[in-house]
Amino acid sequence: MIAENSLGDRLFTIFLYLMMALLAFLCVAPFIHVISLSLSSNAAIKMGAVGLWPVDFHTQNYQFVLKEPQFMRSFGVSVVRVVFGVSAMLIMTIMTAYPLSRDSVPMFGRTPFKMIMLFSGMFGGGLIPTYMAMRSLHLTNNFLVLILPGALAVFSVILVMNFFRGIPVELTEAAELDGASHWDILFRIFLPVSLPVLATISLFSAVGHWNSWFDGVIYMDEIRMWPLQSYLYARVTSQMIQKSGTAAGGTAERMGQSFNELTPEGLSTAMILVATIPILLVYPFLQRYFVKGLTLGSVKG
Amino acid sequence: MDSSVVLKEVELAPPAAPKVGRAKINWRTHFQQHWPLYVMLIPAIVSMILFRFYPMWGILFAFKKYSPVAGFAKSPWVGLKNFSRFFSSDYALPILRNTISIAVGKIVVGQIVAILFALFLNEVRSHFFKRTVQTMTTLAHFLSWIIIGGMMVQILSTKGAVNQIVTSFGLEPIRFLSDPAVFPWTLIGLETWKEFGWGAVIYLAALTNINPELYEAAAVDGADRFQRMRHITLPGIKTLIILMSCLSLGGILSAGFEQVLVLYNPVVYKTGDILDTYIYRVGLVGSGGMPDYSLGTAVGLLQGGVGFVLILVSYWLADKFANYRVF
Amino acid sequence: MHSSRLTRRQMLRAGVVASGATLVAACTPNVVKETVEVKQTVVVKEEVEVTSVVEKQVTTVVEKEVVVTATPGPGECEMDWTPTFPEPFKKYDPPVEVNIVLGERYDSLPENGPYNKYNNPMYNRILEHTDVRYMSKWEPAGDPAADSQKLNTAIASGDPPDMWQASGTFLQELIDFGALAEFKEIWEATASPLVKEKKGYPDHYAWKQVLQDGKLYGIPMQSGPADNDDIGFIRQDWLDKVGMKMPETIDDITEVARAWKKAGICEYGIAASKQLVTWMVDLAPVLGAYGHMPGAWVEDGAGGLTYDSLSDGVKQALAQIRSWYAEGLMDPDFITYDPYPGGYQSVSSEKCGIWFSPFWNYNIDLNVNEKIPEFLQVIMPYPKGPEGKQGRWATMSWGAPVIFRAGLDPVVIEALINNLNWQTEFHANWEKYQQYGAFDHDTAFLEGWDWAFDENCEVVIGPYPGTWHCVEFGWNNNPGYPSQQYDIYAPAFKWMNEPDKTKLNKAQRYLVSSKANQRSVEGFNYSYETQAVQIVNQFWGTPGPKMTERLPDLKTLEDTVFLNIIVGNDPIERFDEFVQEWKANGGDDITAEVSAWYRSINS
């Protein structure tokens, strides 16, 4: 851009970098603290001696978590759920957004449909009727219940619809003159340029699937079918963790074996962190993608 | 998915295409040519009917004195009694007041911080530094309050990290979670902490579209950095700011359920209890015994109804003031 | 404030011998509708003859628990006791199947072991001896809120488990709408004389909630008056440090806490959690010292009942607690603590040295002694208030009754009652059957799991104590009668006081050598002997319409006002306004309703 050479500008630049670094630090400091907790000894945690750095470093919490069969199984359930859930959402969203976005083609009932869709996103029947509905559809204790009800995401549809609208009309018109069908237009013209927005909604959907816990707890009868966050919820927030942590720690202490540093706090933080890793891995990768994509979209408009 | 988040992304899609003139349509040839449009909507229609409208009869619970034992059919109708019970209780007004003030606070503070952050981060030249900061500040957005909450209770305690800093300046420790006057600000502050990085993403994307020549011209005219930020950068995202403000109106009755649930306690009910936590306590947990499912449904229905209207209004406002058509 | 009390058994189920009482959640199943209501508490109607388990001071014999990793090979050591089982009351072929909310202690099953929820020593024992095969309707989350939601949705959609527990309004509605099986005839014919006697059938007041109009809809699960009430504890080592004697009054407590704080021994002194009256680390005995107890309905002297939260004594107690808080003798953040882990940790992390908990928490020091060797926990007598009063909250002595869904095969109900017969016989006579697991967690006592032989062929703790006994529902492993705890501790006490330990068998020696076990018996005994200080909630009926409608809001008001007074956000005069508000906002109606009920049961 522009060269900044004056002293004031240089000071500002230094100040700017410091401020930004401080902000970034403030945002991650709690996580560093949590990581330190999960790597610190029982005694250090009890004495509140753990700050941003582990005290009496050990990795037993992680060893325990990774050896815990149900944790790994739930992890697997969550991965499968994300893969299928995001795929279902993508198919549903693209197919719904396309007709709604083709404003140049008049369509019977388009506006009422959009209103109804928005309305359906705002109101729910409540827990018990929804549960009863799922049961009568034979979806309780069925893996599909984690995927199908969330497949139609109203706001993703709106997002993609608006993105489609921004694709230059000339492109579409030229294709139509060549006799292209709606399927051709969707698959050959729209989808190839829509990757950024699709990546964006996929990230939203994946994070949503990964983080949701309530449906697992309510609809799945067997804990072995629970997604990871349901399992974590039960363990971390419902005090099961305390039971498990102390029982495991107590047992181990008696055995004089390796897990003598397990603590409820350490164990729960370790679990949370392991559960967060996939998001941390995926996000920076997609972030670049979708910021670029969003920019692209608006330039085109 | 968090609807408000998605809404924030909406704006970057371009404005709507011009409306097509209403020519007479030959529906027969129309369907022959355009049947795929209708076929494509079938999955969405089926999904809506099965998963949205089919359970929606549950709204009727709001007009019954529902007992899970009796079931829906045998529970007696009570008309609007559940609604009048809510409004006649001492909690209706404070809860509405808390909900709206906390939500507005979060929107206003969150927006301002996100915009300022974007403005300043935009001044950073190093691409690597910029991206690193951005990644770090968006991290918290992806974690749920259930996970963050317990951590925050510790950090904000009287002897916690934040108060250690406060007291090191010789000040009294701040009772973030037990002073009713402070608690809403704690909620607003934490929400801002968690979301400002994410909120800034959209502004940063928009900022990259500002024509660099404008800056150069301003520099030639002798405008300093702050003047450029104020007169070029800020106006460049003005429409976007208006748009975001309009759209956020739709979320004014949702002040952040999970966050309040993990952070509040009876001492701060006076200023911290919101509609969602009230519905949760009354309708799902119940106070000593059975949840009052009907009352919970009634209040939820009110919230949904007002929320629906607000969203429509926000879309209309967006169209009017930012010339942006959501639908 | 009285919600989510857990019983000692639920705590212990989860635990291992010494660390057991720090644990909260139960062996995952059950927990259905476990939330205890304010209004449903005990009225001890009959005269209780207080017979102490411990007639003289317990002389404890401390032997260091030896940790073994290797057991001598098979045949090298011999068990000098022979566990047997009661005879089955009736055989069922094939076994009856019962759908319950049954989970797996998936976190504590040995890695890749052969055991699961349908195959473990406890499950197999029940199946073998009582021919009851429990099937999992669904697995619980272990979180009361989520689990009760799931149960409610299941009942609402007409698909309840075969048996579960419910209380209060919920129970009454289930009865009124015919959702429950009626089984008086089967009960009369099947229940053993021992069960009827132990459960006080039909006169014990706990039966009144399920015995209506000559029909029987459930089986109460009772507990004893000493089982879960708070007792006071104090750090003896800290008392010694400042050279002070055991506090006897509220003022003494203030002095001690002040001295500790001044000497820099601890940060605060007195432990508390956000619930003033609850199951652990609460302040009920402090309130009791002023003769009143928030949440209790007590006689008003005119034949009716009055709500004790409104009494002047509570105001005085709040003023006292407020002054502790203001002086920094309590953790300024205590209102953000749940009883567990926050409240508990304020003790285990040495922030506080005075706390109130049930007797089964008489082991916090044992749990941390490895790290803090000097930590010595002793019982502190109930503090006396300005008028010399003492008091504790009387915990509900009957839990949610076990009920069966309407339409359940009567044979299944009969088999389940026979199961109860067998469990009761087993627990009441555990000494005779030599089933030593009954002492700790009501379970099996298996070699290689709970215990092992050491190199001297003595019994020591095994590699998996207190794990894998997964079938917990209603009376399984816990027949739930008032004197059950007493029955279990009396023989243990006898062995403890046996001067010649060689007369005991190895298992008995092992049990009484554990310091945790000695503490349990001592603590239980104290709680049992002091039951005269109980402040008993006299309302135990089904909440009426006014109470159902108004009490939740009033409860919120009460919690808010009390805690705000304590932390100094509101002046103490706010209490008087609260009393007026409480009365004006439906409280007077509730009082009238409750008094009418009280007069009706007394007439």
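Here is a quick look at one helix, one interface and one whole chain.

This is a predicted model, where local features need pLDDT of at least 70, side-chain atom pairs count only at pLDDT 80 or more, and totals for chains, interfaces and linings use all residues. Residues are numbered from 1 along each chain as its sequence is written, and side-chain values use heavy atoms, with hydrogens and water left out.

Let's start with α9 of chain A. The helix covers residues 182–193 (helices are DSSP runs of H or I, at least four residues; strands are E, at least two). Its buried residues (under 20% relative accessible area, 1.4 Å probe, protein chains only) are A:His182, A:Ile185, A:Leu186, A:Ile189, A:Phe190 and A:Leu191. They pack against α4, α7, α8 and α10 of chain A, plus α2 of chain B. At the N-terminal end, A:Ser181 acts as the cap, with a side-chain oxygen 3.2 Å from the backbone nitrogen of A:Trp183.

Next, the interface of chains A and B. Contact (heavy atoms within 4.5 Å) takes in 92 residues from chain A and 93 residues from chain B. The two chains bury about 8,900 Å² between them, 79% of it on carbon and sulfur atoms (accessible area lost on being put together, 1.4 Å probe, summed over both). The side of chain A that touches chain B breaks down by class like this:

| Class | Chain A residues |
|---|---|
| Nonpolar | 63 residues |
| Polar | 23 residues |
| Charged | six residues |

Finally, chain C has 20 helices and 17 strands. Of its 603 residues, 66% are buried.

How values were computed
Chains lettered and ligands numbered in written order. Expected span 1.5 Å × (residues − 1). Buried < 20%, exposed > 50% of the residue type's maximum accessible area, 1.4 Å probe, protein only. Polar contact = N/O pair within 3.5 Å; in protein donor to acceptor, adjacent residues only side chain to side chain. Nonpolar A, V, L, I, M, F, W, Y, C, P; charged D, E, K, R; others polar.
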